[in-house]
Protein chains: 2
Amino acid sequence: MTDIATLGEFGLIKRLTKDIQIKNPSTKYGVGDDCAVLHYPKTETLVTTDMLMEGVHFDLTYMDFFTLGYKSAMVNFSDIFAMNGFPRQIIVSIALSKRFTIEDMDSFYQGMQAACDKWQVDIVGGDTTSSRTGLAISITCIGEAAKEDLVYRNGAKETDLICVTGDLGAAYMGLQILEREKAVYYSQIEDYNKKVNQAKELHDEAKLKALQQQRQAFEDFQPDFAGKEYLLNRQLKPEARGDMIDRLRALNIHPTAMMDISDGLSSELMHICEQSNCGCRIYEKEIPIDYQTAVTAEEFNLNLTTCALNGGEDYELLFTIPIGDHEKIKNIEGVRQIGYITKPNLGCMLVTRDSNEFQLQAQGWNPLQQK
Amino acid sequence: MTDIATLGEFGLIKRLTKDIQIKNPSTKYGVGDDCAVLHYPKTETLVTTDMLMEGVHFDLTYMDFFTLGYKSAMVNFSDIFAMNGFPRQIIVSIALSKRFTIEDMDSFYQGMQAACDKWQVDIVGGDTTSSRTGLAISITCIGEAAKEDLVYRNGAKETDLICVTGDLGAAYMGLQILEREKAVYYSQIEDYNKKVNQAKELHDEAKLKALQQQRQAFEDFQPDFAGKEYLLNRQLKPEARGDMIDRLRALNIHPTAMMDISDGLSSELMHICEQSNCGCRIYEKEIPIDYQTAVTAEEFNLNLTTCALNGGEDYELLFTIPIGDHEKIKNIEGVRQIGYITKPNLGCMLVTRDSNEFQLQAQGWNPLQQK
């Protein structure tokens, strides 16, 4: 493993960007000058940004650098798709503390590149610098859409159908599993260290030797994730739903409002209702949930609907369409109609399986209330 | 002072962005959706980004939030001017730890807004989140330039004149002063605490009381910066040189290559020579240096030319022009011709006052070699 200081900032940037090949005609000049130069003569330019902080948004205990790079890029694409546009360029800033190596950065860039290759996006620049502690990542994504294709949050109208892609709550359940395994791992280490210390105090050489032999077991610790692969993938390697944007266009469906679900369905739906000045009514029984999410919620003794409504990080699309498109939308596999838009004075309501009604609450992840 | 968690992410964003008024026709939609929407039908779109980490790029001991906001925006504008373009939008990400208040963020936004007002730039979006320790800022700036106006780093030609705006080394000297006063402040506090502890050990109540009365003096500590205002301003509140871009255009001067001087003249000049495949020859006696910079370098026993060549953070413009523009450039006050471009095999040379020649070395600030 190689210390980054040996390359310096410019050396590192050269190494990380040397294999980048420009794929978009809108990219006129990429990495290597004071700015990237882009050209969007006919479409609207979309810009979005996301900041990811170590210990808040990701945990390197259970996420490798490739996956982190992939996810960092993908969550930005998701915001562009949510406007009914397509991502074209990203610009990447990273601040690193001394504990990271050149090889870590290679993997991070390979992960970003894999996500970019999937959607034909160019890496066109950025900033590489140091941090006192931890890793900070900021990615800005530029995309495009024809003016008439753009979908904002504020266009939902009474009687519109509310639709979501994929299934919800799985990324959150994936996180619970990872956190549990991490806790198990650390408690085993703590236990082991306690035994070693006891043996040392008692000068029990035989015991110490036996413990030393167990040590390898910890270093090789592989948590048992059998059967949970789908949930883990949803958390670690989300896929932005550009495929759904393609399908909606192919069927000539133009959503009236759209968002990606990053903070949880409740929170996003309330944004759409607030900005569109309307209410909504969604049905618990229609919320799409994967079988594994349901099983795992039970395992963790968590309320499944709460997980699906507030889990976050699903990166599915939430959108509204005119009721007249009801027949068209039925033809898209993986889209579920979960309710409809109402008058504003009716509020944002959830109709439960037993026909009770509750006001939706945005219990989504609030990054500013973390420790 | 108010804890940020009381507002939550969306509440904070609303508060910070409520007074923003869009000034540019290219801004179609600003804060409030998944993306900002921009429109650049006739020009090239320029994109640049900078990440600023607490403890690495700024120190809140001697920088208030307004100034930090101002500088964070300004350094991004500087990169757009360096392409011979004009900034139009910024998108701002901030990660905060718990010790920051809503009022801190208000000041930060006011500082950014002041910089934006100076150059008619719109704040169009961003991300507000938390960090485990310290403050991280990432700003992406979008600007525009007609294709024929763009200036890259790679266009310098043999015999071109090398010019710099303003003066160099002042921001670096400002930093030295701030660091010195900070060290004085902390050593006085340490000294004071030692005396208090001694008095406590000796149960010397009279001494303790006297010390307590001195305490206010520390809390009111105001370092003596008289006569150093220019240097401090250069460090804390740099001005991107868009005024020079205006003047070059008015005189119909089109630089062949250009950069802003953020890492130091030597480092930037070597970038231009490397990317333009040429050498250069600059003259020590022509490097523009303010009188206060010279006085303070002597005070600190630092080599003045080294400070001017490698100091960094001046945010002046370095550019090359065809030798035929020699007469035109003479008319711009505040532009100095410091040398000329040579064949690549002649290297990057500094001619000293006593006519010795030295190879230039990029000793500029390397963020990845910090502690």
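The following legends describe close-up views of selected residues in a predicted model.

Local features require pLDDT of at least 70 and side-chain atom pairs pLDDT 80 or more, whereas totals for chains, interfaces and linings use all residues; side-chain values use heavy atoms, with hydrogens and water left out. Residues are numbered from 1 along each chain as its sequence is written, and chains are lettered from A and ligands numbered from 1 in the order in which they are written.

**View 1. Surroundings of A:D50 in strand β3 (residues 44-53) of chain A.** Strands are DSSP runs (E, at least two residues) and helices likewise (H or I, at least four), numbered from the N terminus. A:D50 has a relative accessible area of 17% and is therefore buried (under 20%; exposed is over 50%, partly exposed in between; 1.4 Å probe, protein chains only). Beyond residues up to four places away in sequence, its contacts (heavy atoms within 4.5 Å) include A:V75, A:D79 and B:D127.

**View 2. Surroundings of A:D127 in strand β5 (residues 122-130) of chain A.** A:D127 is buried because its relative accessibility is 10%. Leaving aside neighbours within four places in sequence, A:D127 contacts A:E9, A:V92, A:S93 and A:I94, together with B:T49, B:D50 and B:M51. UniProt (unreviewed entry) lists A:T49, A:D50 and A:D127 under "binding site"; such annotations may be inferred rather than shown by experiment.

**View 3. A:F221 in the loop between α5 (205-219) and α6 (229-236) of chain A.** With 23% relative accessibility, A:F221 is partly exposed. The C-alpha atoms of A:F221 and A:Y185 lie 7.7 Å apart, although 36 residues separate the two in sequence.
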